[in-house]
Amino acid sequence: MVKTPAARKILHEVLSLPTAPFVEGHVIDYIRSFAAERPRLKLRADAVGNLLLHYKRGAARVARPVCLTAHLDHPGFVAEGMIGSGPAGRSVSRRERGVAAKGSHRFHLRAVWRGGVLPEFFVGSGVRFYSGGRWVRGRVLSTVVVKKGLRKVVKSATIEVAAEVEVGSPGMWDLPDPRVRNGRIYARATDDLAGAAAMLACADALDRVRPSGEAYFLFTRAEEVGFIGAIAACGLKTVPRKCLVVAVENSSELPNAKMGDGPILRVGDRASTYFSPATAFTGRVAEALAKSKRGFVFQRKLMDGGTCESSAFCALGYEATGVCVALGNYHNMNKRTSRIGPEYIDLKDFSRLTDWFYALATTKLRYTGRDENLQALLGKLQKEYGPLLRRSVPT
Ligand SMILES: [Zn+2]
């Protein structure tokens, strides 16, 4: 099964990486070197840069293997260019000086913003850009806000930075590297890097233990602006059509879906309900795991706070469902303090998620596209009460 120290190491490493929509290169590089160190896992990229990792072992044919999928981006900035050519004048206090940036001047940077964060969280908030192999710190001076339907959204920002930033660098909120406190991990981005890390932890365990089974792992780009990578993956048939697709997300904790109560089998989201036999099968694997593994628990919920890739996979021809872990400070918005904060998840939920993935990859149960349990139940009920129903037709 999945070993906790190995899974935690992967989680820490992945949660430390810089990423933003359309600028997922650092996470992609990490996955490439992860696969290079494990040559028995097969990795390929599709035409738009989504990555597909494949594990297969054993003679038993898995007609419809699972494909787990997570996205590699997180709401963030992309550096567009420096404004003017020189320092912007004001000197940098010692406290404000960048993680790596030296120098006593401030520069102004223009950056585009992509992803769902409310406009009131921007001005004055600290940010950091990963440029030239180091973090450069800054602060949002102003934003350009546009109307999108009924909502106001940030399009771009002017940012005061401690050093020049290369065009195309990803920018994130200025939050520390992952920290563990009271059984929770706090990070710049757990959505959806923790999902990707859970998949890698599962692939790592499969590669080490070499059980018989099969699984695909799809890592998609640019989800935060509307699952653009996933839509392209469907069009390109990056994932074999026969697969049962299980999209993995981090979703805002809800009053009836609490952090620490186990990963969540997601029956749907704001846009749609998922393919019911796929949800039922994923649930059956979890139920079997709950019987065999102490401490494994899971929940089954409609998480309708947002829309996730499962809806796109279902609408574009796949038999898909979703799982998620409940997260705090969704999209870095700490609603209590009205300030930017780290996202966080429960570490037990994370380990249970990796165990669930491992079980999906190695289960002896077979996904058929039908819900045999429900069909069997209906058959049994019909057999038991059908004759009575016919005998009791009112005349
Ligand atoms: Zn998100």
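## Helix packing, domains and unusual backbone spots

Helix α5 (residues 276-292) packs against helix α7 (residues 347-362) at an angle of about 110°, and their axes are 10 Å apart. Since angles of 65 to 115 degrees count as roughly perpendicular, α5 is roughly perpendicular to α7. The crossing of these two helices is right-handed. Please keep in mind, as you look around, that this is a predicted model.

Which residues make the contact between the two helices? From α5 come T282, V285, A286 and L289, and from α7 come D355, W356, A359 and L360. By residue type, the contact of α5 with α7 divides into 6 nonpolar, 1 polar and 1 charged.

Stepping back to the whole chain, you will find it divided into domain 1 (4-74 + 189-372) and domain 2 (76-173). Domain 1 is thus written as two stretches of the chain, 4-74 and 189-372. The C-alpha centres of the two domains lie 31 Å apart. Where domain 1 and domain 2 touch, 15 residues of domain 1 and 16 residues of domain 2 take part. On the domain 1 side of that contact, the residues divide into 9 nonpolar, 5 polar and 1 charged.

Now for the backbone. Most residues other than glycine have a negative phi, and most peptide bonds are trans. Against that background, three places in this model are worth a look. Two of them are asparagines with a positive phi, N182 and N332, and they are set out here.

| Residue | Phi | Loop | C-beta neighbours inside 10 Å |
|---|---|---|---|
| N182 | about 50° | between β10 (179-181) and β11 | 7 |
| N332 | near 65° | between β16 (319-327) and β17 (333-334) | 25 |

Is N182 buried or exposed? A residue is exposed if 12 or fewer other C-beta atoms lie within 10 Å of its own, so N182, with 7 such neighbours, counts as exposed. For N332 the cut-off to use is the one for buried residues, 20 or more. With 25 C-beta neighbours inside 10 Å, N332 therefore counts as buried.

The remaining place concerns a peptide bond. Which bond is cis? The peptide bond running from D191 to D192 is cis, and its omega is near 0°. If you want to find D192 in the structure, go to the loop between β11 (184-187) and α3 (193-209). Strand β11 also borders the loop that holds N182, with β10 on the other side.

Terms used:
Residues numbered from 1 in each chain as written. Predicted model: local features only at pLDDT ≥ 70, side-chain atom pairs only at ≥ 80, totals over all residues. Helix = DSSP H or I, 4+ residues; strand = E, 2+ residues; numbered from the N terminus. Domains from an automatic or database assignment. Contact = placed C-beta atoms within 7 Å. Nonpolar A, V, L, I, M, F, W, Y, C, P; charged D, E, K, R; others polar. Axes fitted to C-alpha atoms, helices over the stretch in contact; angles between N-to-C directions. Parallel < 35°, antiparallel > 145°, perpendicular 65-115°, else oblique. Left-handed = near helix turned anticlockwise from the far one by under 90°.
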